[in-house]
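Visitor: I am new here and would like to know what the words mean. Could you show me around?
Guide: Gladly, with the structure in front of us.

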Amino acid sequence: MRHSNGQRRLDHYHPATSESVDTLTTTTTGSQHTAVYAEVVEVEEYELGSDVEPAEAQGTLKLTSRRSIHSGPRRRARDETKKEIQVDDEASLRDLLISLQKQVSVMSMNLSAKLDELQRGDRHYETTVALCDIRTQLQELTKSVESCQSEVSEVKRDMVAIKHELDTVQQVKEEIEELREYVDRLEEHTHRRKLRLLEQGLTFFLSYAILAAVLGMLQFGYNTGVINAPEGNIEYFMKDVYKSRYGEDLADEEVQRLYSLAVSIFAIGGMLGGFSGGMVANRFGRKGGLLLNNVLGIGGACLMWFTKVTNSYEMLFIGRFIIGVNCGLNTSLVPMYISEIAPLNLRGGLGTVNQLAVTVGLLLSQVLGIEQFLGTNEGWPLLLGLAICPALLQLILLPICPESPRYLLITKQWEEEARKALRRLRASNQVEEDIEEMRAEERAQQAEASISMMELICSPTLRAPLVIGVVMQLSQQLSGINAVFYYSTSLFASSGLTDESAKFATIGIGAIMVGMTLVSIPLMDRTGRRTLHLYGLGGMFIFSIFITISFLIKEFFGYVQEMIDWMSYLSVVSILSFVVFFAVGPGSIPWMITAELFSQGPRPAAMSIAVLVNWLANFLVGIGFPSMKAFALQNALENYTFLPFSVFLAIFWIFTYKKVPETKNKTFEEILAIFRHGNGRNSFRDSRLYGSMLNCVNALEGHLPVEQAGLVHGEEKGDSFGNPFDHNTEELQLFDSAYSAKNLFPSRAHSTYAFYSGT
């Protein structure tokens, strides 16, 4: 910008003029642009001449554009704010240009006065130098004014961008407020729905379905303990068969090895059945898989029944293997079926019925295995063959039961069949809460609707619950309880009891297991899974130490008869207490919590892996404990055979305390949210809010437009939006949680998240 008075001819100035001409300095201060808050453009002119007035020689012009975002969703207030900002900005620009023109005019007038004065002088040389200096300063002034014009243009463009950002921020804020209200309503609705789910009770048909299903676990318990009592009879039968075939006696070591094979091959079959349980559950359903499994149960029981008739101990091995496959499938399918049909508030107690059936089966096998019943040379084949009874009974009762509603709705997408099954199980037509809860789980797990074992192992989200499920299964089998189940009679005999008393003490183990499992059923939904498991592992650890101490005292004071009797009682009490604490926690919780830790998609694969690990540990303990005892006996370490189990119990207690979350009264998607939001127990305090977020945000698909996705409600801090990087940490965590949820309207979520993160 140039002032017209600045174009004055100077060739007729008087050469003699020698007055000094002060230096003209023009300083232009550029603008610093803050993208959210302000721009400032300053043009300052300093002293032009010694005789120029300060008001004329100096001038400062500032253009400041500031903005603030006032809270509140009212569009009228926002429009008025925008108009005020626009009027202020235009007025500031006009003032800037007018001030520049005035300053250039004053400078030109001062220059003209100087030139006139120089014309009247007679110092030509000094005048020429002064004129050149003046001309140079005028050129610099012109450049400064042009630069100022460019800065003003940039300011205009920046102000337009700022106004656009103001509109965007205001729109985002209004969307957040609208979504906050909607999410609050959805969270309240979810809370009411969960309360209604927690009010559901036990119905007759639900009890019937659970009774029919747990017959498979009774089969597992019966076949686990049935091989214990007739040990001597079976070994005698093997010797007799071998001698009739080959005409020579079988060495005692070989007999013991064959008997260990009969014990452990059951676990090998269980590994195979447990590993295939997920595939069977997905292909035939939970109920369908249990029905087909009874064919294996009947076949294996018949083979064991006719072992003595055919005079073949190989048939005993085959029968035990087949019945092991049957029991492995049961341990995978039954907990899955019960956890899916049980109401939310009864899931823990009804899940404990699995272990109750196992303990009842153990007790039956121990009672029937005494010599007064079937523990004889003639009766033991029938004792093993009675495994046909649970299979036949389940084959009769189970067809009346419905299929798992979750399997029908989520896996098969048969909503009407799922409603019918729920109406029968709940004895009510009001099943919308259950359907809605299943739909929420389905939406939260759409990306994992069908998941293989390798995908399950490689999934970062599911790795933590898988590790917990596997360790919980190991805590059951490596606790030492199977050493008690399989070899309880010999343990009691080594403690100083007679053979008859040892057998009755073994029956006492089964009775205690049944009683304590009944006690743990109401505790499961009151105390919680994690707490009971900690109590159980801690008690087992303490009494495993007592068992070792009783063995040691008996060895050191073996010459004192009173001490022997007292230590025998201490050993028996310690073993029975060991079993009591097993029934409280590790007996039932691993079967139940594995099914609870996973939603519908990965649950079958997870159950297959966990049950495989359980049976593998079962096999290792069953075949390894006699060898460990033999090694200990040879090296004078027999009294320390329980110490390895004590070490395992301590490790499992620490792991449970550090890593295992509480799943009591939690829906499946809320449990999944614990591991999505932050693996482990430390993030459990956020699971309620995050689980509700999953439910609510998934429910928005049918109610809100795509543009409102990805936003999350948070608390406002003050009246203005403030710095977007100064948000409360809790708000950003909530925003992160909503943004990380899968299949949640990615179009708007990405842009909003980018705005919040500053990218």
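Guide: Let us start with a definition: buried means under 20% relative accessible area, exposed means over 50%, and partly exposed lies in between, with a 1.4 Å probe and protein chains only. This is a predicted model, in which local features need pLDDT of at least 70 and side-chain atom pairs count only at pLDDT 80 or more, while totals for chains, interfaces and linings use all residues. Residues are numbered from 1 along each chain as its sequence is written, and side-chain values use heavy atoms, leaving out hydrogens and water.

Visitor: Why does Arg406 count as buried?
Guide: Its relative accessibility is 6%, and the limit for buried is under 20%, so Arg406 counts as buried.

Visitor: What makes Glu437 and Arg406 a salt bridge?
Guide: A salt bridge is a side-chain nitrogen of Lys or Arg within 4 Å of a carboxyl oxygen of Asp or Glu. For Glu437 and Arg406 the N to O distance is 2.5 Å, so the pair meets that definition. Glu437 is buried too, with a relative accessible area of 6%.

Visitor: Which parts does this pair tie together?
Guide: Glu437 lies in helix 15 (residues 432-444) and Arg406 in helix 13 (residues 405-411), so the salt bridge ties together parts that are 31 residues apart in sequence. Helices here are DSSP runs of H or I with at least four residues, strands are runs of E with at least two, and both are numbered from the N terminus. The protein chain has 28 helices and three strands.

Visitor: How do you know that Glu415 and Arg419 form a salt bridge?
Guide: Their closest N and O atoms are 2.7 Å apart, which is within the 4 Å limit, so the name applies. Both residues lie in helix 14 (residues 415-426), four residues apart, about one turn of the helix. Glu415 is partly exposed at 29%, whereas Arg419 is buried at 12%. Glu415 and Arg419 also belong to a network of salt bridges with Glu432 and Arg439.

Visitor: Why is the pair of Phe543 and Phe546 called edge-to-face?
Guide: Rings of Phe, Tyr and Trp (its six-membered ring) pair if their centres lie within 6.5 Å; planes under 30 degrees apart count as stacked, over 60 as edge-to-face and the rest as tilted. The structure holds eleven aromatic pairs. In that of Phe543 and Phe546, the centres are 5.5 Å apart with 85° between the planes, so the angle is over 60 and the pair is edge-to-face. Phe543 and Phe546 both lie in helix 20 (residues 529-556).

Visitor: And what makes Trp653 and Tyr657 stacked?
Guide: Their centres are 5.5 Å apart, with 5° between the planes; that is under 30 degrees, so the pair counts as stacked. Both rings are in helix 24 (residues 643-659).

Visitor: How do you know that Arg245 lies over the face of Tyr313?
Guide: A charge sits over a ring if NZ of Lys or CZ of Arg is within 6 Å of the ring centre and within 35 degrees of the ring normal. Arg245 is at 5.0 Å from the ring centre of Tyr313, so the distance fits the 6 Å limit.

Visitor: What is Gly274 in contact with, beyond its neighbours within four places in sequence?
Guide: Contact means heavy atoms within 4.5 Å, and the partners of Gly274 are Gly328, Leu329, Ser332, Ser608 and Val611. Gly274 is buried, with a relative accessible area of 0%.
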